[in-house]
Amino acid sequence: MYEWLADALSNSGTIITANRRLARILGEKYAAEQLGAGKKAWRSPAILSRQDWLVDVANTAVGQADLPTRINAQQSQLLWERCLRKDLHDSDVSIPNLTRLSRDTWQRLADWRVSIGDVARSAQNEDQRLFATVASRYLGVLEHENWVDDAGLGSLALNLITGRRVTFSGRHTFVGFDRERPIIVAIQEAMVAAGVAVSDVPDAEPGGQLSLQAFENTSAELRSAGAWARQQIENNPEARIAIIADGLDKDADGIARRVREGATPGWQHGHRSLFDAVNVSYGRRLSDYPAISVALMLLRWLVSDLSSADVSMLLRSPLVGTTSVAGRSRLELRLRQLPDRRWSPSMITAELRGRDDGDNVSDWLARLAAFSKRRRDLPKQAAPAEWAVLFDEVLRAFGWPGQGTLDSTEFQLINRWRELLNEFARLGLVSSKMAPSAAAARIELLAGETVFQPESTNAVVQLMGPLEASGAAFDALWLTGVTTANWPPAGTPSALVSRRLQEKTGMPDGTPANTLNYAIELLTRLLGSGESIVCSYALTDDDAEQTASGLLQLFPSMSEAATTDPGWYAAKLTARTSLRSAADSVPAVTAEEKISGGAGTIQHQLNDPVAAFVQGRMGARVIYPQAVGIPAPMRGNLIHDALYHLYIDLPSSDNIRGWQGKDLTERIDAAVDFAFMRHERNVDAVLQQLMLLERHRISELLRQFVAVDCARRDFQVAGVEGKFEFVAGHIRLPLRFDRIDRIGENGIAILDYKTGAKKRLLNRKKEVQEIQLFVYACATEAPVSALALVNVDSREITFDGAGQGYTDVDEWPDLLRQVKVQISAACDEISSGDVRLNIGQGIKSARPLNLLTRYTELRRDN
């Protein structure tokens, strides 16, 4: 394998590869050969990718003073955008996408040595004429400023070689170039004319073992490829194995997951090395990595407000602030209950300060306060280099990328981000000043355009695309997706250059024949790159039937082979694993233990004991989606706050009946103002309108509520929004009541407002439906004459209770006594560590805790 390598590098030889990946592979192969020869040190070989070699040619040329300044890809992108905006007035056009297409076309024109004048003369539609105009402007800027971009490096190198301004030593070998590019051919001819020895590494012809396999679907095909690769490695641990799959640019993660199913079964819950064993050649966009996504979100917050969902992500993320996120997670749960809006840092600080006293909360809010000050002090304009320094300082001050130790992949990722900041800083060559929003948007755009793939030292299987395998050699190779639909692949002629000109100059895919011939060359090269080759295809893809590509008929030595699909690893586990009860008892409640959830914990114990344990003792909370508009919990709080203020003076029923006309209106307005005051700060226009509508609704509710109170028997409000403590053994539950009325001579009635679905205290059989008020009755020494749920709804306001005024007075003491016994028994069960699961409850009730309780599996097994 690579028998030509040592000879090509002898006598100061240089190897030029089509891409950096192949250059790295050849460098590793050369190093392995030196180690195998017993050497401990050697001269670094001259193995360069095409682009790096062109830069090296320019850097070593004589007379550097008059050479153009090189601009990088980011600088070129910004320059293209400016040129496009001068001629584009349609706001619906995506400038980044059009910039990408223009730059790709510009590179192709440079490789095929087609002038922009020819493009303009042959343009056949408005898009082609627009591109010619914009490209001419872009070229004019380059010439005026004496700049050269990556696409122009080939022509620059050609001129330098022709002008004898570059001195070469040793033979130069070109390898892995999938198409014959006129600019490379011209450079090679100029080098030969200058007396330089130039050669191309010929493509190997298919001569190894060729087989074809068919599978039921794509998933089975990819799993089988992975299992085959594992078998190859087991047979020969030193073998170089590759799986070729098309579409990695669209679904690299999905393809890699299915390959790992066969190559390293159980990788999801195994050691990191199982994941790294399959190395995917096509990386992800830098902005898709969580650490970079969080960094970009912070920088976006530096110049504009964030949505509730984005702020929630920052609160939960261990990538900012301290490693511990427990307190911040509690704040995030509170944020979900607030209306979705755009939040500034100062708004979040004001809203969440004092809500939790955890150390990680205090630290995060302190960092946020400093971040808010930094946002207020941002310069109106600054150079890209200044913004790069500021962005780095802001991220560091917020504790990004977290306090944990970085592994190899994370270390490479953070380094790539800092390289991107340096590339951003160099934008000063083409843009002297930027506004804050423009700077943040530009770094986000660059991160979205940058593809990052960490280097892995544990990879034993290479998963790559057809083009990335150019020039590489393998011991065994599996080529997937060899169907009529994929081979030959669809051509990609440039939409910005006339087809006539593309055909005339031989540009890629200018004609169907060009596309077909290239596909045959590429397939031949792939089938010749290994000693053992497997081709495969799926019989169906998205319900469409598939057949093997007709191009395979060009290789008569290929034989059909039997197939074996290893299947999904998880399916094998379920077939041989049954649930077993673990001897892991829950400890009893101790005197120091704090139990949360109030009376709701006892209600959970009666309905589903495991929920009482999870939520009451473990403190777990169900996570609900981010609220939209005015959420139900907030509506309920507004009503509770308004009723609290309305009855804060503890009026009697006679006093309430005296609230009439203007007096009643003023009391209601004051109560509504009190309830809404803190929620109406910093609201946007839409939320403000919703608040106005809610104000009107609650005002009418209060008026109805007063009317219902006026119709009740005599009472005296004794307390509003007060506190109880329920004690039973080691269980201590803090409670908060909505209202207590004195009725009769000595008794009290405990009222609880319900603003959601209508609730009943007792069912038709006089059985307790809601235990909450009975727990309150247990927590007070005062004689309880009645308990009532007050259902507050726009349609009606109703009291549903038990005791005096609601049920038979004579039966009330017995009912209260029976329920207290029931509550005491529930507390004993909680104290003993009861975690039984109510298997008879419906899936809707069990769903919030299903991941912890495994309700679905247990119900199925029962």
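These legends describe close-up views of a predicted model.

**View 1. A network of salt bridges links Arg-50, Asp-111, Asp-178 and Arg-181.**
The structure holds 58 salt bridges. One of them joins Asp-111 to Arg-50, with the closest N and O atoms 2.5 Å apart. Asp-111 lies in helix 5 (residues 95–111) and Arg-50 in helix 3 (residues 50–59), so this pair ties together parts that are 61 residues apart in sequence. Asp-111 is buried, at 6% relative accessibility. Arg-50 is buried too, with a relative accessible area of 12%.

**View 2. Asp-377 and Lys-373 form a salt bridge between partly exposed residues.**
The N to O distance in this salt bridge is 2.9 Å. Asp-377 has a relative accessible area of 48%, so it counts as partly exposed. Lys-373 is partly exposed as well, at 47% relative accessibility.

**View 3. Glu-423 and Arg-416 form a salt bridge between buried residues.**
The side chains of Glu-423 and Arg-416 meet at 3.5 Å, N to O. Both residues are buried.

**View 4. Helix 15 crosses helix 17.**
Helix 15 covers residues 326–336, and helix 17 covers residues 359–376. Their axes come within 6 Å and cross at roughly 70°. An angle from 65 to 115 degrees counts as roughly perpendicular. Helix 15 and helix 17 are therefore roughly perpendicular to each other. On the helix 15 side, the meeting residues are Ala-326, Gly-327, Arg-328 and Leu-331. Helix 17 meets them with Asn-360, Val-361 and Trp-364.

**View 5. Gln-209 touches residues far along the chain.**
Gln-209 lies in strand 7 (residues 209–215). Setting aside residues up to four places away in sequence, Gln-209 touches Glu-531, Ser-532 and Ile-533. The C-alpha atoms of Gln-209 and Val-534 are separated by 8.2 Å, though their positions lie 325 residues apart along the chain. Gln-209 is exposed, with a relative accessible area of 57%.

**View 6. Ala-591 and Ile-731 are 140 residues apart along the chain.**
Their C-alpha atoms are separated by 7.6 Å. Ala-591 is found in the loop between helix 23 (569–576) and helix 24 (599–607). Its relative accessible area is 47%, so Ala-591 is partly exposed.

**View 7. Two peptide bonds leading into proline are cis.**
Most peptide bonds are trans. The bond from Trp-400 to Pro-401 is cis, with omega near 5°. Pro-401 lies in the loop between helix 18 (384–397) and helix 19 (408–425). Trp-487 and Pro-488 are also joined by a cis bond, with omega about 0°. Pro-488 is in the loop between strand 13 (474–479) and helix 21 (499–505).

**View 8. Asp-509 and Lys-766 have positive phi values.**
Most residues other than glycine have a negative phi. Phi of Asp-509 is near 65°. Asp-509 sits in the loop between helix 21 and helix 22 (512–527), and is buried at 7% relative accessibility. Phi of Lys-766 is near 65°. Lys-766 lies in the loop between strand 20 (747–754) and helix 30 (772–779). Lys-766 is exposed, with a relative accessible area of 52%.

**View 9. Val-686, Leu-690 and Leu-693 make a nonpolar surface patch.**
The patch is about 290 Å². Leu-690 belongs to helix 29 (residues 685–711). Leu-690 counts as partly exposed, at 33% relative accessibility.

Note on methods:
Residues are numbered from 1 along each chain as its sequence is written. This is a predicted model: local features need pLDDT of at least 70, side-chain atom pairs count only at pLDDT 80 or more; totals for chains, interfaces and linings use all residues. Side-chain values use heavy atoms; hydrogens and water are left out. Patches are made of residues with over 30% relative accessible area and no salt bridge: like charges are joined within 9 Å, nonpolar side chains (Val, Leu, Ile, Met, Phe, Trp, Tyr) within 5 Å. Accessible areas come from the Shrake-Rupley method with a 1.4 Å probe; for residues, only the protein chains shown count as cover. A salt bridge is a side-chain nitrogen of Lys or Arg within 4 Å of a carboxyl oxygen of Asp or Glu. Helices (H or I, at least four residues) and strands (E, at least two) are DSSP runs, numbered from the N terminus. Buried means under 20% relative accessible area, exposed over 50%, partly exposed in between (1.4 Å probe, protein chains only). Axes are lines fitted to C-alpha atoms, for helices over the stretch in contact, and angles run from 0 to 180 degrees between N-to-C directions. Angles under 35 degrees count as roughly parallel, over 145 as roughly antiparallel, 65 to 115 as roughly perpendicular and the rest as oblique. Contact means heavy atoms within 4.5 Å.
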